[in-house]
Amino acid sequence: MITQEQFDSEVKSIIANAIREDVGDGDHSSLACIPENARGKAKLLVKDKGIIGGVNFAKKVFAYVDKNLKLDILIEDGSEVTYGDVVMYVEGPSRSILKAERTVLNAMQRMSAIATKTRMFVDLVKGTKTTILDTRKTTPGIRVLEKWAVKLGGGENHRFALYDMIMLKDNHIDFAGGITNAVEMTKQYLRDTGKDLKIMVEARDLIEVKEILQLEGVHRILLDNFDYEDTRKAVKLIGDKCLTESSGNINESTIRFYAECGVNFISCGALTHSVHNMDLSLKAIK
């Protein structure tokens, strides 16, 4: 995974770009009718239920827009919320509150939705040894926020991007001329470059699982679109030789059955690509 320094850098870039995109050469609505010295207070109101996400991101946005804004946080990231809850109060220059409003709400609504869905999936596999993972199926430009939200919901992050793990999927394997060629070429690449990256290989059937098991240096096998029976067989074949991961159209109706097959991980693109934003609003207090 990425370092804390990389994570912080990504977040700063997202905030700067979001404010640039939203404000441009000025918030002319506020500049037109809000006096420069006006001060105000607003509350961030929940109009939904689920797991709140993005509180700490909101802190960073408000600080970026105006360090004179003061926050009173009532509900922390990863907490359950329901309709009518107040997550925080923000107080300070009124123009600054309005300037930050949409970036805060857009991010928190999406992060809360992802955290909520992740928590549901995590709860569905309780009592098994399976960990819920995200994928790279994220919104371009805000991946770090979406992966942050997965962790707030109790899941874990898969690789962050193409650079922090070797993941040989079906297209890599086919272009390389087969699993054995792909893995051996990868190991040589890692020796040549001096990179210390784990190798994960996708298997499309039990025959490919057996081929992967003949090779050294594979950290995890991805069982892609396996049914329950073949997943159980694959887990038994693999044993403790490497870790196992199930993926491929797994949803809330099927996830428990896959977990009970004994896989170490289940990765779900739906955590980030198929969520309905939580309804939040920022309301001025008169």
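1. Strands E8 and E9 (residues 220–224) run parallel and are joined by 4 bridges. The model discussed in this note is a predicted one. Within this pairing, Val201 has Ile221 as its bridge partner in E9.

2. Strand E8 also has a partner in strand E7 (residues 166–168), and these two pair in the parallel sense over 3 bridges. Here Val201 appears again, as the bridge partner of Leu168 in E8. Val201 is thus named in bridges to both neighbouring strands, with Leu168 in one case and with Ile221 in the other.

3. How many of the residues of strand E8 (residues 199–203) are buried? The count is 5 of the 5 residues, so the strand is largely enclosed by the rest of the structure. The side chains are divided between two directions: Ile199, Val201 and Ala203 point one way from E8, while Met200 and Glu202 point the other way. Residues of both groups are buried.

4. The connection from E8 to E9 deserves attention. Together with helix H8, these strands make a right-handed β-α-β unit. Helix H8 comprises residues 206–213, and Ile212 is one of its residues.

5. Is Ile212 buried or exposed? Its relative accessible area is 1%, and Ile212 is therefore buried, since the term applies under 20%. Not counting residues up to four places away in sequence, Ile212 touches Ile179, Val201, Glu202, Ala203, Val218 and Ile221. Among these contacts, Val201, Glu202 and Ala203 are residues of E8, and Ile221 is the bridge partner of Val201 in E9. As for a position elsewhere in the chain, the C-alpha atoms of Ile212 and Arg20 are separated by 48 Å, the two residues being 192 residues apart along the chain.

6. Turning to the aromatic residues, the structure holds 3 aromatic pairs. In one of them, the rings of Tyr228 and Phe257 have centres 5.4 Å apart and planes at 40°, so this pair is tilted. Tyr228 belongs to helix H9 (residues 228–238) and Phe257 to helix H10 (residues 255–259), so the pair ties together parts that are 29 residues apart in sequence. Tyr228 is partly exposed, with a relative accessible area of 28%. Phe257 is likewise partly exposed, at 44%.

7. Tyr228 also pairs with Tyr258: the ring centres lie 4.8 Å apart and the planes are at 65°, so this pair is edge-to-face. Tyr258 lies in helix H10 and Tyr228 in helix H9, so the pair ties together parts that are 30 residues apart in sequence. Tyr258 counts as buried, at 11% relative accessibility. Tyr228, Phe257 and Tyr258 form one aromatic cluster.

8. Which residues have a charged group placed over an aromatic ring? The charged end of Arg220 sits over the ring of Phe265, 4.3 Å from its centre. In addition, Lys41 lies over the face of Tyr89, at 4.9 Å from the ring centre.

9. A final point concerns Ser96, which lies in helix H4 (residues 94–124). Ser96 is buried, with a relative accessible area of 10%. Leaving aside its neighbours within four places in sequence, Ser96 is in contact with Val65, Asp66 and Leu69.

Technical notes. Residues are numbered from 1 along each chain as its sequence is written. This is a predicted model: local features need pLDDT of at least 70, side-chain atom pairs count only at pLDDT 80 or more; totals for chains, interfaces and linings use all residues. Side-chain values use heavy atoms; hydrogens and water are left out. Rings of Phe, Tyr and Trp (its six-membered ring) pair if their centres lie within 6.5 Å; planes under 30 degrees apart count as stacked, over 60 as edge-to-face and the rest as tilted. Buried means under 20% relative accessible area, exposed over 50%, partly exposed in between (1.4 Å probe, protein chains only). A charge sits over a ring if NZ of Lys or CZ of Arg is within 6 Å of the ring centre and within 35 degrees of the ring normal. Contact means heavy atoms within 4.5 Å. Two strands pair if DSSP finds at least two bridges between them. A crossover is right-handed if, with the strands pointing away from the viewer, the path from the first strand over the helix to the second runs clockwise.
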